[in-house]
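Visitor: I am new to this structure. Can you walk me through it, with reasons?

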Amino acid sequence: MIGSRLVALGLINSRKNWFMKGFAVLVIENLVKVYPGGVTALQGIGLEIERGMFGLLGPNGAGKSTLMKILAGLLEPTSGKIQLNGEDILSDPQLVWRQLGYLPQDFGFYPHLSGEAMLTYMLKLKGVESPRGLKHLVAELLERVNLSFAASRKVKEYSGGMRQRLGIAQAIAGDPGLIIVDEPTTGLDPEERLRFYHLLSELSQDRIVLLSTHIVEDVSMLCPRFAIIRQGQVVKRTTPSQALGELEGHLFEGVVDRNDMDRIYQSWLVTQVVLFEGKNHARVFSPEGAPPEGFTPVKPTLEDAYFSITRKVGEVHGGVSS
Ligand SMILES: Nc1ncnc2c1ncn2[C@@H]1O[C@H](COP(=O)(O)OP(=O)(O)O)[C@@H](O)[C@H]1O
Ligand SMILES: [Mg+2]
């Protein structure tokens, strides 16, 4: 459906491209990045990513942006291999430029330009050509991301969600088989986020969309597969259902007195502490199945799964998002 819509829009340029997308696979092998100052941002990342949406979930500093910049050909890795559809993209970055759409974490816009002028400028930079002319293509892309109504408005008047959609418009120009979006939902309000989710999920029907985020909800809403990355390493590659399944029957919740929180932290793996009606509701993961006294079994969430993987017994955090 999306494919035919894109054909109608003149965004699919060749049969070959279309064919390749059918078998899209991105293979990352033992990728290492040591920055000139000596920071090791990636410590041997290995991942195989197929068509559809793939989430890269990890806290700040985990190495997500570093990995995405390398994939986008903007940064050279220290060592490692990356193949897209069996072709080495590190030795031939042009190969990926033609097939890649990239929405960086810090996307720079010229605030005084209109959305239409900004997009035109970005397409020129990207070297995108269109048989029916750039003006036509810009109009089509704005339509595709629901921004036609704001085409002549200045970018500085755009909301966060509108800016991200404009960023997506440049990323999908040329109909790339691989789209990389780096923390695209940060700062969006719930309604804008939902809208953006729908756009991304539509785009992932017939290509690889690699989404990095520190927001667990992004993954549970969008990603049939995801990896957890921490300190430059993949600590888990799983699916939301599988991750939840592993916690089933091992997650417990109880109200804990403020003075007793330390004892709970020291003896159990606390996934979250939720404040409800002024009381601390602690959730603990107990792989052996035994709960702390007074705790009862609860249904796990993907947040519990994420924190059960990234946190340890004895680690004090004191809240959901800390
Ligand atoms: N240009 C740089 N020079 C040196 N260190 C960097 C640079 N960019 C990022 N880092 C470091 O690399 C690590 C990973 O950063 P980054 O890839 O931005 O993580 P994330 O996107 O997951 O927050 C961090 O320790 C960060 O401080
Ligand atoms: Mg980042």
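Guide: Start at ligand 1, in what is a predicted model. Helix 3 (residues 64-71) gives the largest share of the shell around ligand 1, 3 residues.

Visitor: What makes a residue part of that shell around ligand 1?

Guide: Its C-beta atom, placed from the backbone, must lie within 6 Å of the molecule. Among the residues around ligand 1 are Y35, G58, K64, S65 and T66.

Visitor: How do the residues of this shell divide into nonpolar, polar and charged?

Guide: The shell around ligand 1 has 4 nonpolar, 7 polar and 1 charged. Gly counts as polar here.

Visitor: Why is I228 called buried?

Guide: The cut-off for buried is 20 or more other C-beta atoms within 10 Å. I228 has 23, so I228 is buried. I228 sits in strand 9 (residues 225-230).

Visitor: Which residues does I228 touch, leaving out those up to four places away in sequence?

Guide: I228 touches L57, G58, V235, K236, Y306, I309 and T310. G58 also belongs to the residues around ligand 1.

Visitor: How do you know that strand 11 and strand 13 pair?

Guide: Pairing needs at least two bridges. Strand 11 (residues 251-256) and strand 13 (residues 279-285) are joined by 6 bridges, so they pair. They run antiparallel. V256 stands opposite N280 in strand 13.

Visitor: What is the strand order in the open sheet of 4 strands?

Guide: The order is 12-13-11-14, with antiparallel pairing.

Visitor: What makes strand 12 and strand 14 edge strands?

Guide: Strand 12 (269-276) and strand 14 (296-297) each pair on one side only. Helix 12 (residues 302-310) packs on the sheet, touching strand 11, strand 12 and strand 13.

Key:
Residues numbered from 1 in each chain as written. Chains lettered and ligands numbered in written order. Predicted model: local features only at pLDDT ≥ 70, side-chain atom pairs only at ≥ 80, totals over all residues. Helix = DSSP H or I, 4+ residues; strand = E, 2+ residues; numbered from the N terminus. Contact = placed C-beta atoms within 7 Å. Axes fitted to C-alpha atoms, helices over the stretch in contact; angles between N-to-C directions. Buried ≥ 20, exposed ≤ 12 C-beta atoms within 10 Å, placed from the backbone.
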